[in-house]
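Student: Could you pick one part of this structure and take me through it closely? I'm new to it, so please explain the terms as you go.

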Amino acid sequence: MNDLLRSPRVQLLLRVLLGLVFVYASLDKIADPAGFARIVYQWQILDPVASNLIAVTLPWVELVAGLLLIIGPWKRDAAAVVAVMLVVFIVAAGLVLARGIDVDNCGCTSVAAAGTAPSWPPEWMRGVGWYLITRNLVMLAGALVLVFVEARKE
């Protein structure tokens, strides 16, 4: 397994997939920071000022980290930033679940209001729940591979 994870092709695939996810996730939030701020505040973890600050800065961090993963420079650093973001997202989602807060749209890739969201992804994939935590854990595993497993030279 370690040999597979050290494969330059596997690492490139991980980089591109994670990078594309984070670039895609950033676009709608960058286009509508007010909508994203409402979603962040709906999680009831941050006050309104902190929610606004996160709504304005986080999408740009996602975009830059995603682009750096795709194009390659600072790939280990970009993967570390992605890993830290994912840990924060997982902890925040766990807090929301533990407190029983109903969040219709996690704000992960779209800031569309409930009821106006497109038919894809399905409803069970949009809110804060176990699917979101599992998905983020899988992405965290990929990011940690990029941070800690050195690709072998070919």
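**Around helices α3 and α4**

Tutor: α3 and α4 are oblique to each other, where angles under 35 degrees would count as roughly parallel, over 145 as roughly antiparallel, 65 to 115 as roughly perpendicular, and the rest as oblique. This is a predicted model, so local features need pLDDT of at least 70 and side-chain atom pairs count only at pLDDT 80 or more, while totals for chains, interfaces and linings use all residues. Residues are numbered from 1 along each chain as its sequence is written, and side-chain values use heavy atoms, with hydrogens and water left out.

Let's look at the pair itself. The angle between α3 and α4 is about 125°, and their axes are 8 Å apart. Those axes are lines fitted to C-alpha atoms, for helices over the stretch in contact, and the angles run from 0 to 180 degrees between N-to-C directions. As for the names, helices (H or I, at least four residues) and strands (E, at least two) are DSSP runs, numbered from the N terminus. α3 crosses α4 in a right-handed way; that word applies if the near helix is turned clockwise from the far one by less than a right angle, and left-handed if anticlockwise.

Who does the touching? α3 brings Pro33, Phe36, Ala37, Val40 and Tyr41, and α4 brings Pro48, Ser51, Asn52, Ile54, Ala55, Leu58 and Pro59. Contact here means heavy atoms within 4.5 Å. Sorted by type, the residues of this contact are ten nonpolar, two polar and no charged. For that sorting, Ala, Val, Leu, Ile, Met, Phe, Trp, Tyr, Cys and Pro are nonpolar, Asp, Glu, Lys and Arg are charged, and the others, Gly among them, are polar.

Now stay with α3, residues 33–42, where Gly35, Phe36, Ala37, Ile39 and Val40 are buried. Buried means under 20% relative accessible area, exposed over 50%, and partly exposed in between, using a 1.4 Å probe and protein chains only. These buried residues of α3 pack against α2 (8–31) as well as α4.

Move across to α4. Leu58 sits in this helix, and at 15% relative accessibility Leu58 counts as buried. Leaving out residues up to four places away in sequence, Leu58 touches Phe36, Met85 and Phe89. Leu58 and Lys29 are 29 residues apart in sequence, with 8.7 Å between their C-alpha atoms.

Lys29 turns up again with Glu62, which is also in α4, residues 48–71. Glu62 is buried, with a relative accessible area of just 2%. The side chains of Glu62 and Lys29 are joined by a polar contact of 2.9 Å. Such a contact is a pair of N or O atoms within 3.5 Å; within protein, one must be able to donate a hydrogen and the other to accept it, and residues adjacent in sequence count only if both atoms are side-chain atoms. Besides Lys29, the residues that Glu62 touches include Phe22, Val23, Ala25, Ser26, Met85 and Phe89, not counting residues up to four places away in sequence.

What about the ends of these helices? The loop between α3 and α4 holds Gln44, whose phi is near 60°, a positive value in a residue other than glycine. Most residues other than glycine have a negative phi. Gln44 is partly exposed, at 47% relative accessible area. The loop between α4 and α5 has something similar to show: Trp74 lies there, and its phi is near 55°, again positive in a residue other than glycine. Trp74 counts as exposed at 58% relative accessibility.

Gln44 also leads us on to α5. Arg99 of α5 is in contact with Trp43, Gln44 and Ile45, leaving aside its neighbours within four places in sequence. Arg99 counts as partly exposed at 48% relative accessibility.

One last comparison: α5 (residues 75–99) and α6 (residues 130–148) have axes that come within 9 Å and cross at roughly 160°. That makes α5 roughly antiparallel to α6. Here the crossing is left-handed. Among the residues making the contact are Ala83, Leu86 and Ile90 of α5, with Leu137, Leu140 and Leu144 of α6. This contact divides into 20 nonpolar residues, two polar and one charged.
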